[in-house]
Amino acid sequence: MAGKGDGGFQAPILIGGGWGQYNMVRGHGDFTNDGKADVLARGSDGSTYLYKGTSNAAAPFEARVKVATFSGLDTLATIGDVNSDGHADLLGRDTAGKLWLYPGNGKSSGAIFATRVAFGSGWNSYNLFG
């Protein structure tokens, strides 16, 4: 819901159906460097789609674009620019508890993340992530 600027929220706006096909929907940042907030959605097979923001409340996202397949990860977190390169990044935890950084590259389609980087292990001991 859109904020009103006074701590409250405006009335919700339906942005479309079909979101139940995803097991994770994450949004925090501008993955395409166009100044608009984007959303990532992952299906049960790991296929991950980018919904580019439009800054239009009546139609807030463009049509989805497949950007990655994240199978073997039990959670994803969009937490901003972790590596301070000016691009929104993604963190993923695999089922063995290893944490991975997927650095954003600012591209608007195709591979929007650079080669992943290991961020340590033992993260499966946490049930709150992101």
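Arg93 is buried in this predicted model, at 9% relative accessibility. Its salt-bridge partner is Asp74, and the closest N and O atoms of the two are 3.0 Å apart. The pair joins distant parts of the chain, with Asp74 in strand 5 and Arg93 in strand 6 (residues 89-94), 19 residues apart. Asp74 has a relative accessible area of 34% and is therefore partly exposed.

The structure holds two salt bridges. The other one is formed by Glu62 and Lys52, with 3.7 Å between the closest N and O atoms. Both Glu62 and Lys52 are in the loop between strand 3 (47-51) and strand 4, 10 residues apart. Lys52 is buried because its relative accessible area is 16%, under the cut-off of 20%. Glu62, at 39%, is partly exposed.

The relative accessible areas of the four residues are listed below.

| Residue | Relative accessible area | Class |
|---|---|---|
| Arg93 | 9% | buried |
| Asp74 | 34% | partly exposed |
| Lys52 | 16% | buried |
| Glu62 | 39% | partly exposed |

As for the fold, the chain has eight strands and zero helices, and its pattern along the sequence is β-β-β-β-β-β-β-β. Of the contacts with a separation of 6 or more, 30% are between residues 24 or more positions apart. The C-alpha atoms fill a box of roughly 40 × 30 × 30 Å along the principal axes. The radius of gyration is 15 Å, which agrees with the value near 14 Å for a compact globule of 130 residues.

Buried residues make up 37% of the 130 residues. The largest nonpolar core has 15 residues, and those touching the most other members are Phe31, Leu40, Phe70, Leu90, Tyr102, Ile112 and Phe113. Strand 4 (65-69), strand 5 (73-80) and strand 7 (99-102) each give two or more residues to this core. Leu90, one of the residues touching the most other members, has contacts with Leu40, Phe70, Leu76, Ala77, Thr78, Trp100, Leu101, Tyr102 and Phe113, when residues up to four places away in sequence are not counted.

At the surface, the accessible area of the chain comes to about 7200 Å², and 52% of this belongs to carbon and sulfur atoms. Ile79, Val82, Val117 and Phe119 make a nonpolar surface patch of about 280 Å². Within this patch, Val117 lies in strand 8 (residues 117-118). Val117 counts as partly exposed because its relative accessibility is 38%.

Conventions:
Residues are numbered from 1 along each chain as its sequence is written. This is a predicted model: local features need pLDDT of at least 70, side-chain atom pairs count only at pLDDT 80 or more; totals for chains, interfaces and linings use all residues. Side-chain values use heavy atoms; hydrogens and water are left out. Patches are made of residues with over 30% relative accessible area and no salt bridge: like charges are joined within 9 Å, nonpolar side chains (Val, Leu, Ile, Met, Phe, Trp, Tyr) within 5 Å. Accessible areas come from the Shrake-Rupley method with a 1.4 Å probe; for residues, only the protein chains shown count as cover. A salt bridge is a side-chain nitrogen of Lys or Arg within 4 Å of a carboxyl oxygen of Asp or Glu. Helices (H or I, at least four residues) and strands (E, at least two) are DSSP runs, numbered from the N terminus. Buried means under 20% relative accessible area, exposed over 50%, partly exposed in between (1.4 Å probe, protein chains only). A nonpolar core is a set of buried Ala, Val, Leu, Ile, Met, Phe, Trp, Tyr and Cys residues joined through side-chain atoms within 4.5 Å. Contact means heavy atoms within 4.5 Å. The radius of gyration is taken over C-alpha atoms; the globule rule is 2.2 Å times the number of residues to the power 0.38.
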